[in-house]
Amino acid sequence: MSAEKAAGRAENTAEAEEIEVRDPVSAPDAEGVPRRTTRRFPLFTRDTARPEGGGRAAAGDAPAPARQWPVLLVLGLVGIGLLITALDVFRAGTLVIGGALLAGAALRWLLPSVGMLAVRSRFTDIVTYGVLGLVIVLLALMAQPDPLLKIPFLKDALHFTVDS
């Protein structure tokens, strides 16, 4: 019986050398043969797949910063927003930061390849960047003193939490 197993393993090893793994999520089974029998992820992964759209945003012969221009644009805008906030223009700086995240969501939605701006799946990135950007913009608009956006039920909610 052990001779048959050894022959089977040798056969599987030969098959493993011949099999070309095209699916980035497939993993070898117990004998080391790459197989994908179900649509479920394997129990043990050997590698991680790059996010959809995670390739270079520019041609490979372009310099490194040009290949990653979407994430550099978003980070640059966030840096400008932080600088504006540090110069004591809180509302404008936070609006720039929120706008940068909304721009990141728009870039992730519109462009097929966004480089390192692609962290997760396209849907998750768009929702994450969009929700965080929207919340930051809304909070900046509601910041005291003299809020530009007044939501009536928030004042009532605050009335029940703080005693005058």
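In this predicted model, aspartate 125 forms a salt bridge with arginine 120, and the closest N and O atoms of the two side chains lie 3.0 Å apart. The two partners differ in their surroundings: aspartate 125 has a relative accessibility of 0% and therefore counts as buried, whereas arginine 120, at 32% relative accessibility, counts as partly exposed. Since salt bridges that share partners are joined, Arg108, Arg120 and Asp125 belong to one network.

The other link in that network is the salt bridge in which the side chains of arginine 108 and aspartate 125 meet, with 2.8 Å from N to O. This pair ties together distant parts of the chain, for arginine 108 belongs to helix H4 and aspartate 125 to helix H5, with their positions 17 residues apart in the sequence. Here arginine 108 is buried, and aspartate 125 is buried as well. By the rule applied to the model, which asks for a side-chain nitrogen of Lys or Arg within 4 Å of a carboxyl oxygen of Asp or Glu, the count comes to 2 salt bridges.

From this network the reader can step back to the chain as a whole. The protein chain has 6 helices and 2 strands, and, read along the sequence, these elements follow the pattern α-β-β-α-α-α-α-α. Of the 164 residues in the protein chain, 23% are buried, while the accessible surface comes to about 12000 Å², with 64% of that area belonging to carbon and sulfur atoms. When contacts between residues at least 6 apart in sequence are considered, 48% of them join residues that are at least 24 apart.

Helix H5, which holds aspartate 125, covers residues 122-142. Its geometry can be checked against a simple expectation: at 1.5 Å a residue, the 21 residues of H5 should span 30 Å, and because the C-alpha atoms at its ends are 30 Å apart, the two values agree. The buried residues of H5 are Arg122, Asp125, Tyr129, Gly130, Gly133, Val137 and Ala140. Seen down the axis of H5, these buried residues fall within an arc of 110°, so they line one face of the helix. Part of what covers them is helix H4, residues 90-110.

On the other side of H5, Phe123 and Leu139 are exposed. Both of these residues also appear in a nonpolar surface patch of about 470 Å², which is made by Phe123, Val127, Val131, Val135 and Leu139. One member of the patch, valine 135, is placed in H5 and has a relative accessible area of 41%, so this residue is classed as partly exposed. That value is also over the 30% relative accessible area asked of residues that make up a patch.

Helix H4, the element that carries arginine 108, has 21 residues and reaches 30 Å from its first C-alpha to its last, close to the 30 Å expected at 1.5 Å a residue. The buried residues of H4 are Arg91, Gly93, Thr94, Ile97, Gly98, Ala100, Leu101, Gly104, Ala105, Leu107 and Arg108. What covers these buried residues includes H3 and H5, and H4 in turn is among the elements that cover the buried residues of H5.

The loops on either side of this pair of helices hold some backbone features that deserve a separate look. Before H4, in the loop that runs from helix H3 (69-86) to H4, lies aspartate 88, whose phi is near 70°, a positive value in a residue other than glycine. With a relative accessible area of 69%, aspartate 88 is over the 50% cut-off and is therefore exposed.

After H5, the loop between H5 and helix H6 (152-161) contains proline 145, and the peptide bond that leads from glutamine 144 to proline 145 is cis, with omega near -5°. Aspartate 146 lies in the loop between H5 and H6 too, and although this residue is not a glycine, its phi is positive, at about 50°. At 64% relative accessibility, aspartate 146 counts as exposed, in contrast to aspartate 125, which counts as buried at 0% relative accessibility.

How values were computed
Residues numbered from 1 in each chain as written. Predicted model: local features only at pLDDT ≥ 70, side-chain atom pairs only at ≥ 80, totals over all residues. Heavy atoms only, no water. Patch = residues over 30% accessible without salt bridge, like charges linked within 9 Å, V, L, I, M, F, W, Y side chains within 5 Å. Areas by Shrake-Rupley, 256 points an atom, 1.4 Å probe, with all protein chains shown as cover. Helix = DSSP H or I, 4+ residues; strand = E, 2+ residues; numbered from the N terminus. Buried < 20%, exposed > 50% of the residue type's maximum accessible area, 1.4 Å probe, protein only. Expected span 1.5 Å × (residues − 1). Arc of directions from axis to C-beta. Contact = heavy atoms within 4.5 Å.
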